[in-house]
Amino acid sequence: MNERLPYLREKSNRLPLSPGVYLMKDKSGLIIYVGKAKALKNRVTTYFHNNSQHNEKTLKLVDNIYDFDFICTKTELDALVLECSLIKLHQPKYNILLKDDKGYNYIKISREPYPRITYSLNTNDENADYIGPFTGGYTVKQAVEEANTIFMLPTCKKCFPSAFGKERPCLNHHIKKCMGVCRGKITSEEYRKIIDEALDYLKNGSKASVEQLTAEMERAAENLEFEKAARLRDRISAITRLAHSQKILDYKQEYDIVGAAQNVGMASFAVIKYRGGRLIDKENFFIGDEYDPSAMRRDFLLSYYSEREDIPKEIYIDEEFEDTELITQLLREKAGHAVKFVIPHRGDGMAQVTLAKRNAGEYLALKVGRTAKEISALEDLKNLLGLEKIPYIIESYDISNFGDTGMVGGMIVYRNGRPFKPSYKRFNIKTVVGQNDYACMQEVLRRRMQRYLDGDENFAPLPDLILLDGGKGHISAVSEVFDELKIDVPLFGLVKDSKHRTRAIARAGGEISVSANRGLFSLLTNIQDEVHRYSISFQRVKHKQKTYTLELTEISGIGGAKAQALLKAFKTKQGMKEATVDELRAAAKVSAEKAKELYDFIQERF
């Protein structure tokens, strides 16, 4: 708890209601956060009141604020511009600072009679020219491969012209992936012209290249140069095929696609850039702190595009964000042309945004040690169930029995999308007589929550989500227990179909289908299968123990308590069979004569 809160509240209450920028400072006077406000007093006071409404990032910020300063501006747009400038100048700890961990990538063109186009991580070769730098290594490699394929350029290690005629053309020539320079039938001037066409394609994009190649093909046909026209036709066809197969070409206007991924306190963004009708770059950014999605997107877009000169007319974004109109206005003034944010809900635009989100998820997965599918499934679960945050800890419960006897409950725990077996718990049903799943589930959850309320560290913390193996009846029964104990944890059920496969999530008001979302379906199926496996394995152990107990009680003088003591000491039949007479006597607390009788019985029957 920040001891300065009373002072900070009192100071913030005296702020003006004008637009402006506020600067949060730590004890040393260092600026740790810069923010913009439409009305300074209304915005800044929210930091020092209603702390229960703050997300984790804001709570950390507030704990470190010692004082704050502010600057009034004429308009909210002026405040937005000033906020950008101050963030660049001071690099505050709690603002989004866009730093990725990638180096730069280049397209390399060697200087030789027959140049090669390759991918490079540096510009150290003085006998080469370079296009770049680019931040997306994948797209640079793909562009180089694409250009070499379309223009049938050699990718082998032969040196030309010294290698002319020394060997037969390789397989690439026969399958029309290489023009066969090694045959010595293509002059350096002819080859250089093809290289220039390939470089023009890389620099200006597929749309311009198709238009130029089409015009050349038509001129060649008019001049009766049919062989040349056929070569140009093949190049146009190759560009078109790649557009359909690799999905990296697009004939719309230039645009960016922005997608985000979140995973329990962490977030990342991906920006995919199309220019000249082709994908030219992809950038990934690790945010580190996940907070309110709308504010997080607003902060990212403001930080990212305030640093860029190449701002497209359309920016596709996965979700809505704060200050959309203001940021649009700022980018229009900066770019000198119209700028529009688009949130697609169907068609190609939706597919492109999904691609950006998947790229962000893959990048985040590398950072947090999870797969992109796991990250996406948890985020989808949060959205589907309307949870306040991504569920880091999920508990699931199931009841298992063998007729009217051997009733047990199983509790499993998933942490960040994976089983966390050290927190698994088993419950013997003690108060329920007969088969009554609802009453059994109530007993298990009441005991689990009471242990937490009593301060038992083995049952802390509370989960972010509880999933019961059952439907609305189970939810209703357990909700009564939660109301009684004043427990506030999201509670849902897992419903199976006739083939015992998870088909839906049950809630108080009905069911939510999950079969359409493969990643989420897989996560929930795994949880339901795991809790069922864990519960039934415990029930089988209990059933075996009861069978062993009944067998041992056949011996005169060995009752249920002594039989249980033996099972507790030796765990299994084999353990008892390997025990000596003295060990059996000590565990069952019987006479030497009775221990010998017990030993003989176990050796014969077990």
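Arg298 and Asp299 are both buried. In this predicted model, the side chains of these two residues form a salt bridge with an N to O distance of 2.9 Å. The structure holds 28 salt bridges, and the pairs described below are among them.

**Arg298, Asp299 and their network**
- Arg298 and Asp299 belong to a network of salt bridges that also includes Lys36, Glu76, Glu83 and Asp323.

**Glu395 and Arg448**
- The side chains of Glu395 and Arg448 are joined by a salt bridge at 2.8 Å, N to O.
- Arg448 is located in helix 14 (residues 437–453) and Glu395 in strand 12 (residues 393–402), so this salt bridge ties together parts of the chain that are 53 residues apart in sequence.
- Arg448 has a relative accessible area of 1%, and is therefore classed as buried, the cut-off being under 20%.
- Glu395 is likewise buried, because its relative accessible area is 3%.

**Glu374 and Arg418**
- A salt bridge is also formed by the side chains of Glu374 and Arg418, with an N to O distance of 2.8 Å.
- This pair links distant parts of the chain, 44 residues apart: Glu374 is in helix 13 (residues 372–385), and Arg418 is in strand 14 (residues 418–419).
- Arg418 is partly exposed, with a relative accessible area of 31%; this value lies between the 20% and 50% cut-offs that bound the class.

How values were computed:
Residues numbered from 1 in each chain as written. Predicted model: local features only at pLDDT ≥ 70, side-chain atom pairs only at ≥ 80, totals over all residues. Heavy atoms only, no water. Salt bridge = Lys/Arg side-chain N within 4 Å of Asp/Glu carboxyl O. Buried < 20%, exposed > 50% of the residue type's maximum accessible area, 1.4 Å probe, protein only. Helix = DSSP H or I, 4+ residues; strand = E, 2+ residues; numbered from the N terminus.
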